[in-house]
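Reader: Hello! I would like a close look at one spot in this model, with enough of its surroundings to see where it sits. Could you walk me through it?

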Amino acid sequence: MSTPRCIAGIDMGGTRIKAVLHNAANGEEVDRRIEPTGDTGEATDGTPPWATAIKELIESWEQEHGVIIEAVGIACPGLASRDGRSIEHLPGKLRSEEHT
């Protein structure tokens, strides 16, 4: 039997991360969570706290549900950069990302 494949959607706010996990084959919701961003404004080993929180969430879903997460979509507030690849301006949000 093959390992089920899933996709994750992340809504990253200044204080909370809202996340949903769906089965990639049939679109069925597998899990839904709200976690703190843990954003203290300080990175650990160069990794912002929100990135660590998302990584730990994805890893916990893979272990708990026995799935492979093949895609992750992330949304967050702010103004997009000119090239559309990052968020340029996050006033008052995600302190670890201001001025980077």
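What does the side chain of Asn23 reach at 3.2 Å?

Author: Happy to. The side chain of Asn23 reaches the backbone nitrogen of Asn26, 3.2 Å away, which falls under polar contacts (N or O atoms within 3.5 Å; within protein, one able to donate a hydrogen and the other to accept it, with residues adjacent in sequence counted only if both atoms are side-chain atoms). Before we go on, please keep in mind that this is a predicted model, where local features need pLDDT of at least 70 and side-chain atom pairs count only at pLDDT 80 or more, while totals for chains, interfaces and linings use all residues. Residues are numbered from 1 along each chain as its sequence is written, and side-chain values use heavy atoms, with hydrogens and water left out.

Asn23 belongs to strand S2, residues 16-23; strands (E, at least two residues) and helices (H or I, at least four) are DSSP runs numbered from the N terminus. Beyond its sequence neighbours up to four places away, Asn23 touches Arg5, Cys6, Glu28 and Val30, contact meaning heavy atoms within 4.5 Å.

Now follow the chain onward. S2 and S3 make a hairpin with five residues between them, and Gly27 in that turn has a positive phi of about 80°. The two strands pair in the antiparallel sense over seven bridges, pairing being called when DSSP finds at least two bridges between strands. Within S2, Lys18 stands opposite Ile34 of S3.

Going the other way, S1 and S2 also form a hairpin, here with three residues between them, and they too pair in the antiparallel sense over seven bridges. S1 has another partner in S4, in the parallel sense and again over seven bridges. Gly9 shows both pairings: Gly9 stands opposite Val20 in S2 and opposite Gly73 in S4.

The side chains of S1 alternate. Cys6, Ala8, Ile10 and Met12 point to one face and are buried, whereas Arg5, Ile7, Gly9 and Asp11 point to the other and are not. Buried means under 20% relative accessible area, exposed over 50%, and partly exposed in between (1.4 Å probe, protein chains only).

Arg5, one of the residues touching Asn23, also meets Glu70 in a salt bridge at 4.0 Å, N to O. Glu70 lies in S4 and Arg5 in S1, so the pair ties together parts 65 residues apart in sequence. A salt bridge here is a side-chain nitrogen of Lys or Arg within 4 Å of a carboxyl oxygen of Asp or Glu. Both partners are partly exposed: Arg5 has a relative accessible area of 41%, and Glu70 stands at 49%.

On the buried face of S1, Ala8 is in contact with Val20, Leu21, Ile58, Trp61, Ile69, Ala71, Val72 and Gly73, leaving aside neighbours within four places in sequence. Ala8 is also among the members touching the most others in the largest nonpolar core, which has 14 residues; Ile10, Leu21, Ile54, Ile58, Trp61 and Ile69 share that role. S1 (5-12), S2 and helix H1 (49-65) each supply at least two residues of this core, and H1 gives the largest share, five residues. Such a core is a set of buried Ala, Val, Leu, Ile, Met, Phe, Trp, Tyr and Cys residues joined through side-chain atoms within 4.5 Å.

That brings us to H1. Its buried residues are Pro49, Trp50, Ile54, Leu57, Ile58, Ser60 and Trp61, and what covers them includes S1, S2, S3 (29-36) and S4 (68-75). After the helix comes Gly66, whose phi is positive, near 60°.

H1 takes part in salt bridges as well. The side chains of Arg33 and Glu64 meet at 2.5 Å, N to O. This pair links distant parts of the chain, with Arg33 in S3 and Glu64 in H1, 31 residues apart. Arg33 is buried, at 17% relative accessible area, whereas Glu64 is exposed at 52%. Asp31 joins Arg33 and Glu64 in a network of salt bridges. Within the helix itself, Glu59 bridges to Lys55, with the closest N and O atoms 2.8 Å apart; those two residues are four apart, about one turn of the helix. The structure holds five salt bridges.
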